[in-house]
Amino acid sequence: MVYNTTIEGYTTDITETAASVQPMIVQITVRSEDSEAADRVSSGVIYSSSDDECWILTTAENIADGNTYLITFDSGITIQADSAVSDPSADIALLLCHPSFPTTPIEIGDSSAVKEGEYVIAVGSHPIENQSGSVSFGVVSLPGQVFRAGTEERQPWITEVFTTDAEVSRTGSGGPLINLSGQLIGMVSSSMTSANSAGFSTAITSSEILSSAKELQKEGAVTRGYLGAAAADVGSLALYQKSAWNLSLDLVDGVLVTVVEPGSPAEEAGIQTGDVIMSINETAVHSADDLKEFLYNSAPGDTVTVSLSRQSAAITTTATLQ
């Protein structure tokens, strides 16, 4: 006997998770005062909200050179943002608006807990008139760093990012990268994605986003000190990696310097790749997040004392942050 069965409404963890965050995703239309300039469309996500205001998270590149920002919510309702603040160095921006209806922010996850090969979903805006290309699925790498040189408009900075094969279109830039629990662990950034990385996207980690967004909300801008050293948590290194870097196998604290940018304060202070930063200004550095938090609470021109471990020898040096 043959049974023909039609299954309707079939869902998976992925479809359910993508659907659960869709009401939190918005479309951002940037309109210039130049009437001949075309509108630019990108994505964003509700970062925080209260009874009288709503903050939209997106990339700084998405709002650059814009004069008017129109936010289209998943319901199809469009309102104008009242203001925009950005951190161009880390490519993070917030738009403030005051909708007349309730909004729900996305839950922020812990990017440091993400494992290499973990399933992730990239979600872009879902405009009513075009419902294609808003969701992609893939796996994620461990956090890495992207160095952006300083310009007149921005300070140099090393941004913590994920690489993922959950590729998105340019209009998906600014949308969230989520885990299977529906938590934001990153934000897709087209400016951080290398031109030669076809099939892959780059997402700014939630740890980086939180550090920047908190100050953007409070101060309207981000001021921090730049050291110029990319670092990895010693505690997360495998034994063979510690051996390759000539580190003590029982060392679990500090951050391993993996890259020193040429001309940076770190290079001028004599910091080398393979060094382990143990503390700054006598503040213990247990992880890369500790180092990042210290720099976000510092300012250009600050002189700091850096305690290092170099092949088990204790070294102290000073660096003037940019």
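In the predicted model, helix 1, which spans residues 13-21, contains the buried residues Thr17, Ala18 and Val21. Viewed down the axis of helix 1, its buried residues fall within an arc of 100°, so they line one face of the helix. These buried residues of helix 1 pack against strand 1 (25-31), strand 8, strand 9 and strand 12 (176-178).

Strands 8, 9 and 12 belong to an open sheet of seven strands, whose order is 9-8-12-13-14-11-10 and whose pairing is antiparallel. The edges of this sheet are formed by strand 9 (135-139) and strand 10 (144-148), each of which pairs on one side only. On average, and with direction ignored, neighbouring strands of the sheet are turned by 40° against each other. At one end of the strand order, strand 8 (residues 119-123) is joined to strand 9 by antiparallel pairing over five bridges, and within this pair Val120 stands opposite Gly138 of strand 9.

Helix 3 (residues 206-219) packs on the sheet, where it touches strand 11 (157-164), strand 13 (184-188) and strand 14 (201-205), and the direction of helix 3 makes about 50° with that of strand 14. Helix 6 (residues 288-296) likewise lies across strand 11 and strand 14, and runs at about 140° to strand 11.

Within strand 14, the residue Ser201 was examined in further detail. Ser201 has a relative accessibility of 3% and therefore counts as buried, the cut-off for this class being under 20%. When residues up to four places away in sequence are not counted, Ser201 touches Phe162, Thr163, Thr164, Ala166, Glu167, Val168, Val188 and Thr193. For one of these residues, Ala166, the contact involves a polar pair, in which the side chain of Ser201 reaches the backbone oxygen of Ala166 at 3.5 Å.

A further antiparallel pair is formed by strand 19 (residues 303-310) and strand 20 (residues 313-320), which are connected over eight bridges. In this pair, Ser307 has Thr316 of strand 20 as its bridge partner. The two strands, 19 and 20, form a hairpin with two residues between them, and in the turn Gln311 adopts a positive phi of about 50°.

Definitions and conventions: Residues numbered from 1 in each chain as written. Predicted model: local features only at pLDDT ≥ 70, side-chain atom pairs only at ≥ 80, totals over all residues. Heavy atoms only, no water. Pairing = 2+ DSSP bridges. Helix = DSSP H or I, 4+ residues; strand = E, 2+ residues; numbered from the N terminus. Axes fitted to C-alpha atoms, helices over the stretch in contact; angles between N-to-C directions. Contact = heavy atoms within 4.5 Å. Buried < 20%, exposed > 50% of the residue type's maximum accessible area, 1.4 Å probe, protein only. Arc of directions from axis to C-beta. Polar contact = N/O pair within 3.5 Å; in protein donor to acceptor, adjacent residues only side chain to side chain.
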